[in-house]
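This report sets out selected features of the structure shown below. Please read it alongside the sequence and the model.

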Amino acid sequence: MYSSPLFKGYRAIVQRDLTSLRRRPFDWLLPLAFFMLVNMLFAIAIGGDRTALANVAPAIIWSAVLLAALLTHDGILRPDYESGFMEQLLLSPHPLPLVALAKSSVHWLTTGVPLMLVAPLVAMMLGLSPRGIQALLLTLPPTTIAMSLLTVFAAALTVGQKNHLLATLLVLPLTIPLLIFAVATIDSAVAGQSLLAPAALLSALAILALTLLPLAIAGVIRIMGGQ
Amino acid sequence: MTERQKRRLILLTVLVFGIGSATALMLYAFQQNLLFFLTPTQVAAGQAPEARAFRLGGMVQDGSVERQEGIAVQFRVTDFAQEVLVEYDGILPDLFREGQGVVVRGQFRQNVFYADEVLAKHDENYMPLEVKDALEAAKTLTTE
Amino acid sequence: MWNWLHQLASPPCFNRFVAMLLPWLAAAWLTTFMIGLWWSLVKAPADYQQGEGYRIIFIHVPAAWLSLFIYVVMASVAAIGLVWKFKLAPVFTAASAPLGAAFTALTLVTGSVWGKPMWGTWWVWDARLTSELILLFLYLGYIALQNTISDVRSRNQAGAILLIVGVVNIPIIHYSVEWWNTLHQPASIMKFDSPSVHPQMLYPLLLMAISFKLFYGTALLLAMQCILWQRQRGGNEYA
């Protein structure tokens, strides 16, 4: 199945985008720096109270993850439209939902995965308990996957727009269930309760995003390509 | 099968599988309790987090409300199995009364719950006062 | 049926349709609103627990229903418009969005006014209130998107897809009552077996809900007409 022509296009796009990102390390290092900075701002603003900081650590980390992922939206599709690559894709027989999935995969590999590596470190600096960090590690994959798809959706809707804040208005309301369940998972872990329920809901949301959003993104890509 | 049909089939399979598994996960989650507050029984069982605010929910026990000096007040929150002593220094909401549901937010220290917020949980019944009185009268008649 | 709908979608035919329907709709709204207002504010008895203060539900609850209703209707019309290419579908959604946003804001304000005496706080971050706030941002996002994309066709279609994605959030809003066991009451009208709202209070509530929906219909037709006129004058706004 993997060698079928359907997935050849998917693989080609992922490889192409990863190569171009390897040559521009700034594109994926910047969100990481942003993520660390937001956390640092909160830590400084809250001050020396270690228990207060540990209590709000999940909230800070998750808000920073969502914002850092969304921050990268501008670089995802705009270069492809400007270079004419998107036009080629629209004319090619490759199914657009797979193109959308490829774009989201690249975003996840270059933003989600680095964030997943750095977030536990930041959590430790904020004083989150070991149980909380465990729960954080558990919730990061589904949340970042869903977030990558939402970010590509925002990128598709706002391609060619000068105003970068529009993407946040469009997508942040949709991320709130993710935020609620991600924070709830960590909070119940810290409080010693079972975290199965919020973790299951979080995975359900990630699966839903993974199935439905590529179709929506494909639709928007086609509309914006036909301008 | 033509290429087009094959694609449709793949799309359909993915959709059914994705939505199906998401629904299964959600149903599983609903069976677990996603609680907004802890009950007195849970607090008595030592499930309350230490040095950390949480919410406690239950009924205000009949005859347990004691006014202290100023606006400070003490009452017991019960779930008819266990009870927790609550201290609160602030203005109580209109719907706060004995035998009514209440959600209090605060910290639990040395067997006393120090509330910094008291929220009345109103029930979902709306009826005129006369109907309520009639119902009560009927109830006392049957119990007598 | 489709033919008739497509015909209706042409502006001259739509204008005739509006001219025919509008007076009746407006009259029906005014009548139900007047009766509903009198019934709910004067005739309906006071609540056994909340006293006179509960009367705000006669505004709050219909507005909350309508705010959800408008979004679902917008998303359905957007989906139909996307598939069958109705010319009026984008006009419909563009005209509905500000109305929906206004009713969502009204729900939030009245809910907050009600919450202060009843629960002891202006605002609680519980699931239902938060969902209503999210709904407001969904409306604002759609309106913002409509205002930023310059190409008319892409604006309409991108907006439609955004609405359809957003409507996935509506079940989350609706079932959030069950997800989170909060101090906000469970949805007591939606239980069909035995409504726990006493009939003397339920009937005016339902009448107000109908009246609000009629108002939405009236305002919607006027707003759609405005957009079509603007377009005719060469402004080419929307559609």
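The sections below describe a predicted model, beginning with domains and ending with a surface patch.

## Domains of chain B

The domain assignment divides chain B into domain 1, covering residues 3–32, and domain 2, covering residues 37–121. Taken over C-alpha atoms, the centres of domain 1 of chain B and domain 2 of chain B are separated by 44 Å.

## The hairpin of β3 and β4 in chain B

In chain B, strand β3 (residues 72–78) and strand β4 run antiparallel and are joined by 7 bridges. Within this pairing, B:T78 stands opposite B:E83 of β4(B). The hairpin of β3(B) and β4(B) has 4 residues between the strands, and B:F80 adopts a positive phi near 70° in this hairpin.

Side chains alternate along strand β4 of chain B, which spans residues 83–89. One face receives B:V84, B:V86 and B:Y88, which are buried. The other face receives B:E83, B:L85, B:E87 and B:D89, which are not buried. Thus B:E83, the residue opposite B:T78, belongs to the face whose side chains are not buried.

## A nonpolar patch formed by chains A and B

A:L212, A:L215, B:L11 and B:I19 make a nonpolar surface patch of about 270 Å². The elements giving two or more residues to this patch are α9 (196–225) of chain A and α1 (3–31) of chain B.

B:I19 is located in helix α1 of chain B. B:I19 counts as partly exposed because its relative accessibility is 37%, a value between the limits of 20% and 50% that bound this class.

Conventions. Residues numbered from 1 in each chain as written. Chains lettered and ligands numbered in written order. Predicted model: local features only at pLDDT ≥ 70, side-chain atom pairs only at ≥ 80, totals over all residues. Heavy atoms only, no water. Buried < 20%, exposed > 50% of the residue type's maximum accessible area, 1.4 Å probe, protein only. Pairing = 2+ DSSP bridges. Patch = residues over 30% accessible without salt bridge, like charges linked within 9 Å, V, L, I, M, F, W, Y side chains within 5 Å. Areas by Shrake-Rupley, 256 points an atom, 1.4 Å probe, with all protein chains shown as cover. Salt bridge = Lys/Arg side-chain N within 4 Å of Asp/Glu carboxyl O. Domains from an automatic or database assignment.
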